[in-house]
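Hi,

Here is the structure I said I would pass on. Have a look at it first, and my notes follow below.

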Amino acid sequence: MIDWDLAISTGTRWARPGPQVSLAEARRTVAELRDLAADVQQPVYEVTGLSAAGDGSLGRVAVVDRPGWIRANVDGFRVVLEPLVDQLRERTQGASAPSRGASVISSVGSRVTGIQAGLILAYLSGRVLGQYELFLPPETSPVDGQQPGRLTLVAPNIVMIERELGVDSHDFRRWVCLHEETHRLQFTAVPWLRDYVQSQMTEFLLASELDPSAMLQRVRAAADAMAGAVRGGDGGSLIEAVVTPAQREIMDRLTSVMTLVEGHGDYVMDAVGPQVVPTVAEIREKFNSRRGSSGRIEQTLRRMLGIDLKMKQYAEGSRFVREVVGKAGMATFNKVWTSPETLPTKEEFADPQLWLDRVGSNS
């Protein structure tokens, strides 16, 4: 399917170099980010009212450069795509042996997709500030008794953005860590959340239409989406263009949960207040301005890759959290973590009172 080794080599080759820093400054930055990831745990607990399950350990922190982020994400992709690979293997086991020409086409195709994946990862590696890695391969997963995920912070991107914005570096780094620590807490404090996301992603992959005619239609839809993005239209992302009808329903569920966790993270970043991040208002204002100031090429890529959709998730999810907490308090909002059935629907994100009527009023 995808030559992941080629994806890594392509991504690391095309990833733009990070900002110039001395070796001593790089070491200080890494050390500070590690310390801040631990320091913000208590403020996140206090704002959210959540706490990590078990012994309270939130697991490991990795501070990486751009190539390190690319390699980590390829490891995660391999884990996520394993069910689809197994399905393809089962389908081909009962079929006749492929011809030499088919084998060559398959090999070439995996290299092409490997290069494409690598170029996308190279682009994203210069923009991601951090993430909570849910899916780790067995050889890098924590030992029994520890949390399954890993918080990853991309040091060169954090330094780059704080310089571009002209904000206090210590405050900005703490602000970023607050968002990522919130994600880590979400998936360690809510027992069902990780398995739910993984099951939805697996179901999404297994709903793929793998016959050639269906795939051809998906490719044509992707081409149309790409053309719309280049023209500056409001068409969907490439992901939206290639999904099947069955996958679209699953994607709606995934979008709902990701809108919630992203919006919740954004809410916590700002809710901690100036006692934790003194310049939080300035950082938020400048960061939001930067989000909306990209050039034409950047805007096209963002639409094609669905990044604009992610930004909408931040805004819509954060608005939902603010309104529910403002009306009913954090304890009522935290009922959202009870089960998949208490997640907000698309209509409830647009009108949080609907969620309050359905879930928030239940004792």
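Gly273 sits just after helix 11 and takes a positive phi of about 80°. This is a predicted model, by the way, so treat that angle as computed. Helix 11 itself covers residues 245-271, 27 residues in total. From its first C-alpha to its last it reaches 39 Å, close to the 39 Å expected at 1.5 Å a residue.

Next, the core. The largest nonpolar core has 81 residues, and the ones with the most contacts inside it are Phe172, Trp175, Phe333 and Trp337. Helix 11 gives the most to this core, with nine residues. If you click on Phe333, leaving aside residues up to four places away in sequence, you'll find that Phe333 touches Leu260, His264, Phe320, Val321, Val324, Val325 and Trp355.

His264 turns up again around Leu50, which is in the loop between helix 3 (41-48) and strand 1. Is Leu50 buried or exposed? Its relative accessible area is 12%, and because the cut-off for buried is under 20%, Leu50 counts as buried. Not counting residues up to four places away in sequence, Leu50 touches Tyr45, Leu185, Ala189, His264, Asn334 and Trp337. Ala189 is 139 residues from Leu50 along the chain, yet their C-alpha atoms are separated by 6.4 Å.

Then there's the sheet. It is open, with three strands in the order 1-3-2 and mixed pairing. Strand 1 (60-64) and strand 2 are the edge strands, each pairing on one side only. On average, neighbouring strands are turned by 20° against each other, direction ignored. Strand 1 and strand 3 run parallel, joined by five bridges, and Arg60 has Arg150 in strand 3 as its bridge partner. On the other side, strand 2 (residues 130-133) pairs with strand 3 (residues 150-154) in the antiparallel sense over four bridges. There, Gln131 has Thr152 as its bridge partner.

In a regular strand, side chains alternate between the two faces of the sheet. In strand 2, Gly130 and Tyr132 point one way while Gln131 and Glu133 point the other, and all are buried.

Two helices go with the sheet. Helix 2 (residues 23-39) packs on it, touching strand 1 and strand 3, and its direction makes about 150° with that of strand 1. Helix 7 (residues 169-189) lies across strand 1, strand 2 and strand 3, running at about 15° to strand 2.

Cheers

How values were computed: Residues are numbered from 1 along each chain as its sequence is written. This is a predicted model: local features need pLDDT of at least 70, side-chain atom pairs count only at pLDDT 80 or more; totals for chains, interfaces and linings use all residues. Side-chain values use heavy atoms; hydrogens and water are left out. Helices (H or I, at least four residues) and strands (E, at least two) are DSSP runs, numbered from the N terminus. The expected span of a helix is 1.5 Å times one less than its number of residues. Buried means under 20% relative accessible area, exposed over 50%, partly exposed in between (1.4 Å probe, protein chains only). Two strands pair if DSSP finds at least two bridges between them. A nonpolar core is a set of buried Ala, Val, Leu, Ile, Met, Phe, Trp, Tyr and Cys residues joined through side-chain atoms within 4.5 Å. Contact means heavy atoms within 4.5 Å. Axes are lines fitted to C-alpha atoms, for helices over the stretch in contact, and angles run from 0 to 180 degrees between N-to-C directions.
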